[in-house]
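Here are some notes for a colleague who is opening this structure for the first time. Please keep the sequence and the model side by side while reading.

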Amino acid sequence: MSVYHGESALRPEPDKVLKDIADYVHNYQITSDIAFETARLCLIDTIGCGLEGLRFEGCSRLLGPVVEGTIVPNGTKVPGTNYQLDPIRGAFNIGTMIRYLDFNDCFLAAEWGHPSDNLGAILAVADHLAREGQPLTVHDILESMIKAHEIQGGLALLNSFNRVGLDHVVLVKVASTAVVSKLLGLSHAQTLDAVSQAFVDGQSLRTYRHAPNTGPRKSWAAGDACSRAVNLALLVKKGELGLPSVLTAKTWGFYDVLLKGKPFEFQMPFGSYIMENVLFKISYPAEFHAQTAVEAAHTIHAQLKALGKSSDDIKSVRIRTQEAAIRIIDKQGPLDNFADRDHAISYMVAYPLIFGELTSESYTDKSAADPRIDALRAKIHCVEDRTFSVDYHEPSKRSIGNALSIELNDGSILDEVVVEYPVGHRRRRTEGTPLLIEKFKRHISYHYDLAQQNKILNVVSDANSLFQLRVDQFTDLFVKQ
């Protein structure tokens, strides 16, 4: 007869990763001017992306209170609307509108993701607290953004959640939980507890990002993660206990259950690297692995036009790309919806080759109905370029290269167009920043009269004054009455 002595009930010391995150959130001082200036641009761009998302019914119908007409005293105000919600629902609203069009920033490594998704939780909590009288400023938002970027990106550098089928919004949940815990006044120990709750929480599968199930859930998954983060932090504030070995517990821990026993690896300690090196989506609302391919397609469209030719004259298109692009966005066959199209490199290349543009409207059912698109998509194929794949992970480069080769029906072959760094890359920041501001101007122009547009631009352009502005005054700039 075998004897079983039972599991030890002795609670262990918290996992080192939990302690490192809590230490960083509570004790690390951000001193990088580059990080704060990049965060200012990120805040501007992310708010603008959210406003642009509101113009699409698929996004706007998801927003508002659970019970129609509810107005929460001192609640979170949602930019571009007249909603005033509890911070949990506010985080879902803001996070969803930010992410809906896949136009906000990006960071690519072993795991992919969009660190500005965390603004959904950060702004919701900070605005609510400011309306309750706490002296929170835009500087506090920017510091929280830098730290959320760093936590999400630091976990993404060497740890591939996608290879075990998990979606990257798990990192939004973890990073948002950590930074809003501090905003809510949680202690170091409580922040550790809250982050443990984020790790033990049910994690999203990537199913909704991949064929044949690609669908609009990918557009609100980050909003859901933001709302979960705020809820978990608030529960801990009310006394909910954490799980100290949530990562390392044998059999039942995150590593054993979800990562096949593999612990997290870290390339560097938490600092401000991720914000300083974040990738902005400036010119095109396209999945980031295709950004340089779309830029190349615009160049070729102009070349064809100069030759007196059009996309109808194309016999074949070869895309040299990175391994990640092939895994995520190389799709064949019919594309069912908006979300399917903005994650298909063949669509994102075909459209500008035909029309010389790629905008948010390019993915609608109406735009996709043009038969030339699928006809050209059938002529496009991808091949992996090992150099692109290696440089994609190289810390000093982090390129996202694509190269397009076009053969015409008459047998002639155009010179290959190679673009290694998108305009939103740090290496092109000087070139990209004015374009980023123009993108923001476009996005606010659909929502506000000229006087309000000018007021907004004046406020966000003066960095020193912006940093000192109260959070509720900042959010009020974007509220619709």
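The numbered points below take up a sheet, two helix pairs, a buried residue and some backbone details.

1. Before anything else, please bear in mind that this is a predicted model, and that the values quoted in the points below are computed from it.

2. I would begin with the sheet, which is open and has 4 strands in the order S6-S5-S7-S8, with mixed pairing. Its edge strands are S6, covering residues 380-384, and S8, covering residues 417-419, and each of these pairs on one side only. Neighbouring strands of this sheet are turned against each other by 20° on average, with direction ignored.

3. The pairing can be followed strand by strand, and it helps to recall that strands of a sheet pair through backbone hydrogen bonds, either parallel or antiparallel. S5, which spans residues 314-321, runs parallel to S6 and is joined to it by 5 bridges; one place to look is Val317, whose bridge partner in S6 is Ile380. Towards S7 the pairing of S5 is antiparallel, over 6 bridges, and here Arg320 has Ala403 of S7 as its bridge partner. S7 and S8 are also paired in the antiparallel sense, over 3 bridges, with Val419 in S8 as the bridge partner of Asn402.

4. How many of the residues of S7 are buried? The count is 6 of 7, so that this strand may be described as mostly covered. It is worth viewing S7 together with helix H12, residues 291-306, which lies across S5, S7 (residues 402-408) and S8 and runs at about 30° to S7.

5. The next feature is the pair formed by helix H8, residues 188-200, and helix H9, residues 217-237, whose axes come within 9 Å and cross at roughly 135°. With that angle, H8 and H9 are therefore oblique to each other, and their crossing is right-handed. On the H8 side the contact involves Gln190, Asp193, Ala194, Gln197 and Ala198, which meet Leu232, Ala233, Val236 and Lys237 of H9. Sorted by class, this contact has 5 nonpolar, 2 polar and 2 charged residues.

6. A second helix pair consists of H4, residues 87-99, and H5, residues 119-131, which pack at an angle of about 140° with their axes 7 Å apart. H4 and H5 are therefore oblique to each other, and the crossing of H4 and H5 is right-handed. The residues that make the contact are Pro87, Gly90, Ala91, Ile94, Gly95 and Ile98 from H4, together with Leu119, Gly120, Ala121, Leu123, Ala124 and His128 from H5. By class, the contact of H4 with H5 divides into 8 nonpolar and 4 polar residues, with no charged ones.

7. Among single residues, I would point to Ile456, which is found in helix H20, residues 450-461. Is Ile456 buried or exposed? Its relative accessibility is 0%, and Ile456 therefore counts as buried. If neighbours within four places in sequence are left aside, Ile456 is in contact with Phe440, Ile444, Tyr448, Leu477 and Phe478. For one of these, Leu477, the separation from Ile456 is 21 residues in sequence and 6.4 Å in space, taken from C-alpha to C-alpha.

8. The backbone deserves a careful look in the loop between H8 and H9, where Pro212 is found. The peptide bond from Ala211 to Pro212 is cis, with omega near 5°.

9. Finally, two residues have a positive phi although neither is a glycine, and I would inspect each in its own setting. Asp102, with phi near 55°, lies in the loop between H4 and strand S3, residues 107-108. Asp102 counts as buried because its relative accessible area is 1%, under the 20% cut-off. Thr251, with phi of about 75°, lies in the loop between H9 and helix H10, residues 254-258. The relative accessibility of Thr251 is 42%, and this residue therefore counts as partly exposed.

How values were computed:
Residues numbered from 1 in each chain as written. Predicted model: local features only at pLDDT ≥ 70, side-chain atom pairs only at ≥ 80, totals over all residues. Heavy atoms only, no water. Pairing = 2+ DSSP bridges. Helix = DSSP H or I, 4+ residues; strand = E, 2+ residues; numbered from the N terminus. Axes fitted to C-alpha atoms, helices over the stretch in contact; angles between N-to-C directions. Contact = heavy atoms within 4.5 Å. Buried < 20%, exposed > 50% of the residue type's maximum accessible area, 1.4 Å probe, protein only. Parallel < 35°, antiparallel > 145°, perpendicular 65-115°, else oblique. Left-handed = near helix turned anticlockwise from the far one by under 90°. Nonpolar A, V, L, I, M, F, W, Y, C, P; charged D, E, K, R; others polar.
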